[in-house]
Amino acid sequence: MTQPIREGRDLLTPRPITVKRGVNPHAPGSAHLIMGRTEILATVTLEEKAAPHMRGSKEGWLTAEYSMLPRATNDRQARERNLQNGRRHEIQRLLGRALRAGMDLRYFRNQTLYVDCDVLVADGGTRVASILAGHAALHDFCDRLIQKGRLTDWPISRNIGAVSVGLVGSEIRVDLDYAEDKVARADLNVVATSDGLIVEVQGGAEEGVLTHDEYVGMLATGTRAVQDIMADLTRQLSVIQGM
């Protein structure tokens, strides 16, 4: 089988990322992230109400929602109205776990943070791009709180990023687009910190089995790629836009 050819990058280089923060004038934190041809809009909302299971706790809570617009893909998909949609529910839980791992929620006691990630255009890697966009929107949100004097300390404890890693034939490839993802014989979504600590790994073999060395190689490659991605994203987020 002929493997998809990459244009403009080698096998271990992620797609270029651009992010613009402060894009939604109604949200206290927002970001528009483009990763290759995948585009995500993320917004943050702060509710002055504790999540039911956090009442009486010394911490607040962060939850995430994920949705894909009907024409985010080649074919129109029905608008996602059913909260029990299995894929959507799985991705939302992943986003929530990932983004909570980077926040010190003691600063938001008796409050709930909602991070909404909407896929505008999908070309593979929408869940990892949503984690990156969610982190960027939280950065924008926290920066605004600092600027307005509502917080004195930075509440983001870790910079959390993510990337997909696939085994296409015998090749390890970073940040698969749709053409690569659909032929990959293994696919991992690696969520990690900017200093190389692993938060979560999701995925496995699509066909047959993986060897131990293949899995470890994919994980190590993904962790390094997240560090590169976060170095670039952090640099871009240091530019204040739309304040």
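This short tour walks through a helix, a pocket and two cysteines in a predicted model.

**Stop one: helix α4**

Start by selecting residues 212-237, which make up helix α4. You have 26 residues highlighted, and the distance from the first C-alpha to the last is 37 Å. At 1.5 Å a residue, 38 Å would be expected, so the span is close to that value. Now colour the buried positions of α4: M218, L219, T221, G222, T223, A225, V226, I229, M230, L233, Q236 and L237.

**Stop two: the largest pocket**

Next, select R87, G124, T126, Y178 and D181, the lining residues that lie nearest the centre of the largest pocket. The space here comes to about 660 Å³, and the full lining has 24 residues. Which elements should you show around it, each giving at least two residues to the lining? Display the helices α1 (86-100), α2 (126-147) and α3 (178-181), then add the strands β8 (186-193) and β9 (198-205). If you colour the lining by residue class, you will find six nonpolar residues, 10 polar ones and eight charged ones.

**Stop three: two cysteines**

Finally, pick C117 and C142. How many disulfides does the whole structure hold? The search finds zero. For C117, the nearest cysteine sulfur belongs to C142 and is 15 Å away; a disulfide requires the two sulfur atoms to be within 2.5 Å, so C117 is in none. Looking back from C142, the nearest cysteine sulfur is that of C117, again at 15 Å. Switch on a surface and check both residues: C117 counts as buried because its relative accessibility is 1%, and C142 counts as buried at 0%.

Definitions and conventions:
Residues are numbered from 1 along each chain as its sequence is written. This is a predicted model: local features need pLDDT of at least 70, side-chain atom pairs count only at pLDDT 80 or more; totals for chains, interfaces and linings use all residues. Side-chain values use heavy atoms; hydrogens and water are left out. Helices (H or I, at least four residues) and strands (E, at least two) are DSSP runs, numbered from the N terminus. Buried means under 20% relative accessible area, exposed over 50%, partly exposed in between (1.4 Å probe, protein chains only). On a 1 Å grid over the protein atoms alone, a cavity is a set of points where a 1.4 Å probe fits but cannot get out, and a pocket is an open set with protein on both sides within 12 Å along at least five of seven lines; lining residues have an atom within 4 Å of a point. Grid points are joined across faces, edges and corners, and a volume is the space filled by probe spheres set on the points. Ala, Val, Leu, Ile, Met, Phe, Trp, Tyr, Cys and Pro count as nonpolar, Asp, Glu, Lys and Arg as charged, and the others, Gly among them, as polar.
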